[in-house]
Amino acid sequence: MSSAAWADNSSPVGLWRNVDDVSGKPRALIRITESNGTLQGRIEKVFLAANESPTCAKCEGALKNAPVVGLVILSGLKKDGNEYTGGQILDPDNGKVYSSKISVTNGGTKLNVRGFIGVSLLGRSQVWERQQ
């Protein structure tokens, strides 16, 4: 990997792998991009179990039964000090949308992702690993 790709380790822009909370196995690759100071994350690849659907069966509205690959799951995040806040995260497993915030840690190799309802204390966190 070129050093230019790692030039800004504090930026969450790049490709990240998340891991299933229960099984500990890789779940998906998510590409985070920035446009006009706002971040969004789109699923590029999923690692499905045999009984899982490649669509967002529990999503509502226009996303109902949308393919999971290509789905925007992070949106609206804006830089706020060392974090990116004010965004939303979609959980394709249950179709629910939560408030979210993220922060880059561990020298740019980890991304703390928090989804919550109301205040940040009422939610769930994951740590994603940088892939490139």
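**Close-up 1. R31 and E44 form a salt bridge in this predicted model.** R31 is partly exposed, with a relative accessible area of 24%. Its partner E44 also counts as partly exposed, at 39% relative accessibility. The side chains of R31 and E44 meet at 2.7 Å, N to O. R31 belongs to strand β2 and E44 to strand β3, so the salt bridge ties together parts that lie 13 residues apart in sequence. Side chains of opposite charge can pair when their charged atoms come close.

**Close-up 2. Strands β2 and β3 run antiparallel.** Eight bridges join the two strands. E34 stands opposite L39 in β3. The hairpin of β2 and β3 has two residues between the strands. There, N36 takes a positive phi near 55 degrees.

**Close-up 3. β3 also pairs with strand β4.** Strand β4 covers residues 72–80. The pairing of β3 and β4 is antiparallel, with four bridges. T38 stands opposite K78 in β4.

**Close-up 4. K101 and E83 form a salt bridge.** The closest N and O atoms of the pair are 3.6 Å apart. K101 sits in strand β6 and E83 in strand β5. This pair links distant parts of the chain, 18 residues apart. Is K101 buried or partly exposed? At 23% relative accessibility, K101 counts as partly exposed. E83 is partly exposed too, with a relative accessible area of 27%. Elsewhere, R17, K110 and E129 are joined into one network by salt bridges that share partners. A search of the whole structure finds eight salt bridges.

**Close-up 5. Strands β6 and β7 pair over seven bridges.** Strand β6 spans residues 96–105. β6 and β7 pair in the antiparallel sense. I102 has its bridge partner in β7, and that partner is V113.

**Close-up 6. Eight strands close into a barrel.** What is the order of the strands? The barrel runs β1-β2-β3-β4-β5-β6-β7-β8. The pairing is antiparallel. Neighbouring strands of this sheet are turned by 30 degrees against each other on average, with direction ignored.

**Close-up 7. The largest pocket holds about 690 Å³ of space.** How many residues line this pocket? The lining has 34 residues. Closest to the pocket centre are R27, D91, P92, D93 and R124. Several strands give two or more residues to the lining: β1 (14–19), β2 (26–35), β3 (38–46), β5 (83–91), β7 (110–116) and β8 (123–130). Which strand gives the largest share? β8 does, with five residues. By class, the lining has 17 nonpolar, eight polar and nine charged residues. Rolling a probe the size of a water molecule over the atoms shows where empty space is left.

**Close-up 8. R27 forms a salt bridge with D20.** R27 is among the residues closest to the centre of the largest pocket. Its closest contact with D20, N to O, is 3.8 Å. Is R27 buried or exposed? R27 has a relative accessible area of 17%, so R27 is buried. D20 is partly exposed, at a relative accessible area of 21%. The cut-off explains the two labels: buried means under 20% relative accessible area.

Note on methods: Residues are numbered from 1 along each chain as its sequence is written. This is a predicted model: local features need pLDDT of at least 70, side-chain atom pairs count only at pLDDT 80 or more; totals for chains, interfaces and linings use all residues. Side-chain values use heavy atoms; hydrogens and water are left out. On a 1 Å grid over the protein atoms alone, a cavity is a set of points where a 1.4 Å probe fits but cannot get out, and a pocket is an open set with protein on both sides within 12 Å along at least five of seven lines; lining residues have an atom within 4 Å of a point. Grid points are joined across faces, edges and corners, and a volume is the space filled by probe spheres set on the points. Ala, Val, Leu, Ile, Met, Phe, Trp, Tyr, Cys and Pro count as nonpolar, Asp, Glu, Lys and Arg as charged, and the others, Gly among them, as polar. Two strands pair if DSSP finds at least two bridges between them. Axes are lines fitted to C-alpha atoms, for helices over the stretch in contact, and angles run from 0 to 180 degrees between N-to-C directions. A salt bridge is a side-chain nitrogen of Lys or Arg within 4 Å of a carboxyl oxygen of Asp or Glu. Buried means under 20% relative accessible area, exposed over 50%, partly exposed in between (1.4 Å probe, protein chains only).
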